[in-house]
Amino acid sequence: MPAAAHPDAPLPFVTVTNWIRAARRCGIDIEALFLAEGVDLAGLHPTTALIRPAVVGRIMHRCLSEAQRLGCPHHFPIVLGDTFAFEYLADVETFISTSATLRDAARALDWIPPLVNPLMTFELQEFGDQARITLHLGGGTPVDEAWPFIEAAFTTLVKFSRTLLGDLPLAGRLTQRHAAHARSSLLAEHLRVELEPDADIDALWFDRALLDRPLIGALPSLHELAARRITEEIARRGPPPLSLANGDHEAHPLVCQIEQAMLTDPTLLGQGLPALATALGLHARTLQRRLREAGDSHSAILDRVRFHLARQWLAAPGARIESVSARLGFTDRRSFTQAFIRWAGVPPSRFRDTPQLPPDH
């Protein structure tokens with residue numbers, strides 16, 4: 001999960017064609033709405049377009065009003081979520097469709113911030129025989145403004161789960177922080193869930209056993225190739241991050257590459273050096289030798305990235321220490337607690353309740 005973006009920073013608008021399709025289905029003149037909001041139509045190519053959060057928020061609510069004015073029988077967030085496709089991110093769709101299990105496919109949730117929306121993060125959590133996917137929205141957007149995006153996001157999640165599971169329903173209920181509205185029944189019917197409005201979190205709840213149910217379309221070699229290409233694409237899209245070890249100083253390119261790979265695909269945190277080497281397209285011995293030459297080590301980098309992510313994930317509303325520990329690749333909560341005390345000097349439970357995060361070490 002990347003650091004939270006500035007709330008007014010422009011967002012990548014890779015979903016622009018999705019908005020156009022959804023508006024067309026609802027009979028909405030989306031071009032007129034874009035022009036009214038000052039959107040540069042000549043610069044709307046999905047691979048390069050940017051849009052400010054406030055602008056896309058206003059467009060969303062104008063689409064809702066237009067659909068209602070036109071007597072459209074559809075609920076716009078449902079249409080927006082159901083027509084979503086990774087058109088310019090084909091490797092993500094390949095990765096999802098070739099997954100061996102839903103748990104495996106859920107790795108794609110970590111790629112939403114760097115590839116689609118840096119203000120939108122998802123977290124898979126498990127509780128006894130139940131699991132949930134929790135959505136966190138950054139930028140401080142009030143829930144009464146953000147709720148259409150939340151409904152669209154969960155519609156997309158259910159859409160892809162149906163692609164993998166067939167007729168087997170994923171979700172049992174959807175908890176929402178926002179209040180029920182006139183078209184809530186359409187959402188419940190479309191998702192085939194029980195809606196619980198005015199809840200503490202935005203989360204899709206389902207039977208935990210579905211996470212490890214074998215999927216028919218599994219293709220491991222193509223699946224891992226897609227994951228590697230996605231990691232490379234995320235690294236290509238922006239300048240390499242400064243090393244977590246070196247603050248503002250220039251870092252060794254290999255160290256930056258490793259940190260970026262781990263931040264992009266946190267499952268690498270629990271898979272050891274051979275898996276990391278594979279993700280980087282290197283032999284394990286080559287990676288070890290190049291790390292020695294760079295004056296660093298796999299274990300040191302692993303510690304830095306884990307500490308970096310732990311602080312971000314513990315700061316999320318409703319964060320559970322067991323969930324953070326598992327996502328960071330620890331075998332149990334005790335091991336995570338011991339490591340966190342070594343990093344921060346306090347246990348994760350106390351850190352989670354601290355209102356402000358300290359700077360990176």
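**Exercise 1. Two loop residues**

Decide whether Asp 198, at 56% relative accessibility, counts as buried or exposed.

*Solution.*
Step 1. Recall the cut-offs: buried is under 20% relative accessible area, exposed is over 50%, and partly exposed lies in between (1.4 Å probe, protein chains only).
Step 2. Apply them: Asp 198 counts as exposed because its value is 56%.

Before going on, note that this is a predicted model, where local features need pLDDT of at least 70, side-chain atom pairs need pLDDT 80 or more, and totals for chains, interfaces and linings use all residues. Residues are numbered from 1 along each chain as its sequence is written, and side-chain values use heavy atoms, without hydrogens or water.

Step 3. Find its place: Asp 198 sits in the loop between E6 and strand E7 (202-207). Helices (H or I, at least four residues) and strands (E, at least two) are DSSP runs numbered from the N terminus.
Step 4. Check the backbone: phi of Asp 198 is positive, about 55°, although the residue is not a glycine.

Now do the same for Arg 192: where is it found?

Step 5. Arg 192 belongs to the loop between helix H9 (184-191) and strand E6 (194-196).
Step 6. Its phi is near 60°, again a positive value in a residue other than glycine.
Step 7. Arg 192 has 46% relative accessibility, so it counts as partly exposed.

**Exercise 2. A salt bridge inside one helix**

Which residue forms a salt bridge with Glu 66?

*Solution.*
Step 1. Use the rule: a side-chain nitrogen of Lys or Arg lies within 4 Å of a carboxyl oxygen of Asp or Glu. Side chains of opposite charge can pair when their charged atoms come close.
Step 2. Name the partner: Glu 66 pairs with Arg 69, and the closest N and O atoms are 2.8 Å apart.
Step 3. Compare positions: Glu 66 and Arg 69 are three residues apart in helix H3, so about one helical turn separates them.
Step 4. Classify both ends: Glu 66 is partly exposed at 21%, whereas Arg 69 is exposed at 58%.

**Exercise 3. A salt bridge between two parts**

What parts of the chain are tied together by Arg 62 and Glu 37?

*Solution.*
Step 1. Start with the contact: Arg 62 forms a salt bridge with Glu 37, with 3.8 Å between the closest N and O atoms.
Step 2. Place each residue: Arg 62 is in helix H3 (residues 53-69), and Glu 37 is in the loop between helix H2 (30-36) and strand E2 (50-51), so the pair ties together parts 25 residues apart in sequence.
Step 3. Check exposure: Arg 62 is partly exposed at 35%, while Glu 37 is buried at 16%.

**Exercise 4. From one pair to a network**

Which residues join Arg 103 and Glu 126 in one salt-bridge network?

*Solution.*
Step 1. Look at the pair: the side chains of Arg 103 and Glu 126 meet in a salt bridge of 2.7 Å, N to O.
Step 2. Locate the ends: Arg 103 is in helix H6 (residues 102-105) and Glu 126 in strand E3 (residues 120-127), so the bridge ties together parts 23 residues apart in sequence.
Step 3. Widen the view: salt bridges that share partners join Arg 103 and Glu 126 with Arg 208 and Asp 212.
Step 4. Add exposure: Arg 103 is partly exposed at 30%, and Glu 126 is partly exposed at 23%.
Step 5. Note the total: the structure has 20 salt bridges by this rule.

**Exercise 5. Empty space**

How many cavities of 30 Å³ or more does a search of the whole structure find?

*Solution.*
Step 1. Set the terms: on a 1 Å grid over the protein atoms alone, a cavity is a set of points where a 1.4 Å probe fits but cannot get out, and lining residues have an atom within 4 Å of a point. Points join across faces, edges and corners, and volume is the space filled by probe spheres set on them.
Step 2. Count: the search finds three.
Step 3. Take the largest cavity: it holds about 70 Å³, and its lining includes Val 14, Thr 15, Phe 84, Glu 87 and Val 116.
Step 4. Take the second largest cavity: it holds about 50 Å³. Arg 192 is among its lining residues, together with Val 158, Arg 162 and Leu 191.

**Exercise 6. A distance**

How many Å separate the C-alpha atoms of Val 56 and Thr 94?

*Solution.*
Step 1. Locate Val 56: it lies in helix H3.
Step 2. Classify Val 56: at 9% relative accessibility, it counts as buried.
Step 3. Read the distance: the two C-alpha atoms are separated by 28 Å, and the residues are 38 residues apart along the chain.

Note on methods
On a 1 Å grid over the protein atoms alone, a cavity is a set of points where a 1.4 Å probe fits but cannot get out, and a pocket is an open set with protein on both sides within 12 Å along at least five of seven lines; lining residues have an atom within 4 Å of a point.
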